[in-house]
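Biologist: I would like to learn how to read a protein model step by step. Could you take me through a few features, giving the general idea before the case at hand?

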Amino acid sequence: MASYISHPLIKKNSIESRLYQQVLAGDVLKKGNTMVVAPTALGKTIVAILVAADRLQKVKNSKVLILAPSKPLAIQHEDSFKEFLTLPCSSITGAIKTEERVKRWEESRIISATPQTVESDLLNGRYDLSNVSLIVFDECHHGVGAYSYVYLASRYVQESNYNLILGLTASPGSDKAKIKEVCENLYIQNIVVKTEQDSDVRPYFNPVEIDWVRVKMSSELEKIKKYIDKALKVRLKALKNMGVIRTVSVGKVDVLKARGRIQGEIARSVNPDKELFQAISILSAVINIQHSQELIETQGIQTFNKYIGRLRKKKTKAAKSLMWDDNFGRAVKMAREAEKHGWEHPKLKEVTNILKKELGTGDGQTKLQSSRFKEKDEKSSKIIVFTQYRDTLEMIHQKLEKEGIKSAKFFGQAAKDGEKGLTQKEQKAIIKSFRMGEYDVLLSTSVAEEGIDIPAVDLVILYEPVPSEVRMIQRRGRTGRKRTGRVKVLITNGTRDEAYYWASVRKEEHMKYQLIDPKVLEELNASAVERMENQKKIKVIDRPKNEKSNPVVFADSREGNSKVIRHLSEMEIDVQIRSMAVGDYQVSDEVVIERKTAKDFVDSIIDKRLFKQARELSEEFKRPLLILEGDDIYNGMIHPNAVRGTIAAIAIDFGISIIPTRNSEDTAAMIKRIAVREQSGERVNIQIRTDKKPTSLWEQQLFIIESLPNIGPVNAKNLLKHFGSVEKVISASEEELQEVEGIGKKTAKNIRKVVESKYLYFENEIKEKKLL
């Protein structure tokens with residue numbers, strides 16, 4: 001008979017008593033900031049719930065914040081905590097309006113949220129973390145670089161009086177430096193690793209059987225690959241003769257390193273040698289050929305042909321040279337013929353046969369039992385097929401449809417190569433249909449590896465192995481939740497499939513070793529303690545609404561995940577995030593700042609959006625600025641003279657001043673200095689441009705009247721309707737203005753003051769110079 005955990009805040013008979021979960025929770029409460037590394041379905045969420053219950057009981061009136069990298073996962077955690085705990089729980093995501101988010105924060109004891117939303121709210125001073133007694137970072141391996149987890153952990157350590165951090169992940173990665181970075185960023189002092197082999201876990205864990213399914217490349221594929229190999233060999237020999245590579249036996253990583261090295265030489269040279277640009281072009285072609293090899297070896301003819309179609313549209317020298325190459329051209333022609341004859345990669349036939357066998361179908365006939373009622377049958381199979389590419393996904397889907405197997409395509413929200421992504425609503429509908437048994441198979445790209453509430457499945461099929469141990473663990477974790485799970489990995493003999501599979505196995509073993517190494521744990525503990533002490537010494541800025549001393553900087557919402565905003569918030573700057581029509585930062589009515597990293601600057605030259613942005617900046621603002629961040633501006637795919645010419649055009653033709661900065665912190669410091677100068681040390685009312693300047697006559701008239709104090713769109717229309725023209729509105733007396741609906745005495749007085757007052761530009765300029 002099962003026993004249940006008894007706790008004042010845990011619903012009666014809701015959480016089964018499992019010793020290993022209680023021990024894990026006890027370790028967190030006893031040892032402090034902890035990362036729990038455990039496979040999916042081991043109950044990491046239950047551990048978080050147990051820790052949360054203890055903290056909420058002991059730290060009166062405190063809150064618990066659970067952070068998840070996606071909206072569906074945040075809502076999933078909200079449901080879990082509501083199911084087991086008695087205290088009010090709600091979720092906060094970007095889909096919820098600002099006022100409602102603040103209300104939920106104030107009224108809830110448990111908040112499940114997406115990190116970007118919480119970061120935005122904190123930067124805008126809507127609430128703080130001072131009374132948060134526990135913060136949970138789910139999928140904590142995301143805590144690197146500029147990801148919001150990093151900022152939120154730092155902010156939490158500064159603000160909260162009851163620091164406790166819990167990180168949850170199935171894998172933080174195999175690289176020691178990556179593990180250390182995650183732990184340092186999240187102030188982790190202790191790592192606990194649980195595996196399915198542990199004696200206290202084994203009784204509760206359904207084993208996962210992994211089966212390698214080997215296939216042999218067809219003779220047609222071998223012939224196509226032979227010509228692709230020849231095209232590659234010619235270019236690698238050329239690169240070796242140029243001294244770019246030492247040997248022709250190089251992989252993708254070696255080629256990327258070589259390209260970076262050549263780009264660096266171009267960047268450092270005032271007048272680069274033409275041979276360097278030739279090397280860059282050849283290296284780009286090599287990258288394209290290596291990708292083509294991979295598609296032929298591991299994916300299929302259709303996927304390869306679609307890639308070639310996209311390659312034809314590119315206008316680069318590298319792409320054109322491939323289309324003119326005899327060997328590569330012959331491979332392309334053979335692939336077209338192969339598709340016409342219906343020849344495909346043997347994996348496609350193998351995956352179809354596996355699915356037919358699993359689903360009890362044969363000869364292309366559907367099952368006798370209606371899929372509508374499969375959810376009632378405990379033994380009915382649920383299967384996910386993972387693949388890297390959308391093109392392969394489409395190919396498998398078409399094949400299964402012909403075979404009478406109902407499949408659903410599941411991929412990300414981003415558009416790719418002209419194909420629209422799935423909206424979150426569409427994703428939810430597909431998952432719901434899959435759960436209800438309307439589809440036999442879910443065909444998914446990497447989007448279903450984590451952060452999506454996928455139902456437990458009986459079989460996971462990997463169309464190809466991936467060289468990432470994190471992704472392999474995530475994919476495996478989709479099965480074995482309710483009963484013994486199974487994974488089938490399709491591997492093409494003698495190809496990179498084998499290399500990728502063994503790479504993931506080695507990385508996983510290395511990861512486990514790193515996580516249990518006492519020296520690593522000791523280093524992490526010492527580092528976390530030191531960093532926490534240093535972080536607590538940093539003053540967190542309190543931003544009362546009526547504060548007058550701190551300059552204000554308005555930042556575009558698209559900059560929300562940049563380090564610049566974080567640095568600004570630490571520099572006694574009141575950062576307010578808005579949706580801006582033009583520019584990234586605005587510090588006055590006249591000054592707007594466009595920030596571009598060196599890479600983004602070069603990319604915007606290539607895709608021709610830079611001059612459009614420059615034109616809009618100069619049209620919308622009197623004194624636009626461009627901050628150019630980073631020192632590798634010439635480290636790109638275009639000639640340095642093209643970069644120099646663009647900079648000259650922006651400065652001379654558009655009158656935009658260009659300010660160089662070293663990094664995001666330097667950029668923040670520069671923006672602060674500009675804001676201080678513009679605002680003379682006092683907060684000023686800044687009109688934020690959420691829309692571009694109007695072009696039609698009536699839009700321009702409304703725009704002028706809306707610029708008057710306390711006048712919005714409705715009052716502007718009322719004024720223009722009443723007086724008939726802009727001139728008559730401007731010349732109206734206070735009494736006449738008050739005759740208009742919505743215009744009170746105070747507003748009328750302010751309008752007259754603006755219209756009648758002398759422009760004291762000279763006096764203000766002297767004041768500014770004295771302050772500086």
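Modeller: We will begin with the whole chain, then turn to a pair of helices, and end with two single residues.

Modeller: Please keep in mind throughout that this is a predicted model.

Biologist: How many helices and strands does the protein have, and what percentage of its residues is buried?

Modeller: The secondary structure comes to 30 helices and 19 strands, and of the 772 residues in the protein, 52% are buried. The protein exposes about 37,700 Å², of which carbon and sulfur atoms supply 50%. If we take the contacts between residues at least 6 apart in sequence, 73% of them join residues at least 24 apart.

Biologist: How should I read two helices that pack together, for instance helix 11 and helix 12?

Modeller: Two packed helices are described by the angle between their axes and by the distance between those axes. Here, helix 11 covers residues 301–313 and helix 12 covers residues 317–324, and their axes come within 8 Å and cross at roughly 120°. Because angles from 65 to 115 degrees count as roughly perpendicular and those over 145 as roughly antiparallel, helix 11 is oblique to helix 12. The crossing of these two helices is also left-handed.

Biologist: Which residues make the contact between helix 11 and helix 12?

Modeller: Helix 11 contributes Ile-308, Leu-311 and Arg-312, while helix 12 contributes Ala-319, Leu-322 and Met-323. Sorted by class, this contact of helix 11 with helix 12 has 5 nonpolar residues, 1 charged residue and no polar ones.

Biologist: Now for a single residue: is Asn-288 buried or exposed?

Modeller: The idea is to compare the relative accessible area with a cut-off, and buried means under 20%. Asn-288 has a relative accessible area of 10%, so Asn-288 is buried. Asn-288 lies in helix 10, which spans residues 274–298, and, not counting residues up to four places away in sequence, Asn-288 touches Tyr-307, Leu-311, Ala-318 and Leu-322. Among these partners, Leu-311 and Leu-322 also take part in the contact of helix 11 with helix 12.

Biologist: And where is Lys-409 found, and which residues is Lys-409 in contact with?

Modeller: Lys-409 is found in strand 10, residues 407–410, and its relative accessibility is 24%, so Lys-409 counts as partly exposed. Leaving aside neighbours within four places in sequence, Lys-409 is in contact with Leu-393, Glu-394, His-397, Leu-422, Ile-430 and Leu-443. For one of these partners, Glu-394, the separation along the chain is 15 residues, while the C-alpha atoms of Lys-409 and Glu-394 are separated by 7.6 Å.

How values were computed. Residues are numbered from 1 along each chain as its sequence is written. This is a predicted model: local features need pLDDT of at least 70, side-chain atom pairs count only at pLDDT 80 or more; totals for chains, interfaces and linings use all residues. Side-chain values use heavy atoms; hydrogens and water are left out. Axes are lines fitted to C-alpha atoms, for helices over the stretch in contact, and angles run from 0 to 180 degrees between N-to-C directions. Helices (H or I, at least four residues) and strands (E, at least two) are DSSP runs, numbered from the N terminus. Angles under 35 degrees count as roughly parallel, over 145 as roughly antiparallel, 65 to 115 as roughly perpendicular and the rest as oblique. A crossing is left-handed if the near helix is turned anticlockwise from the far one by less than a right angle, and right-handed if clockwise. Contact means heavy atoms within 4.5 Å. Ala, Val, Leu, Ile, Met, Phe, Trp, Tyr, Cys and Pro count as nonpolar, Asp, Glu, Lys and Arg as charged, and the others, Gly among them, as polar. Buried means under 20% relative accessible area, exposed over 50%, partly exposed in between (1.4 Å probe, protein chains only). Accessible areas come from the Shrake-Rupley method with a 1.4 Å probe; for residues, only the protein chains shown count as cover.
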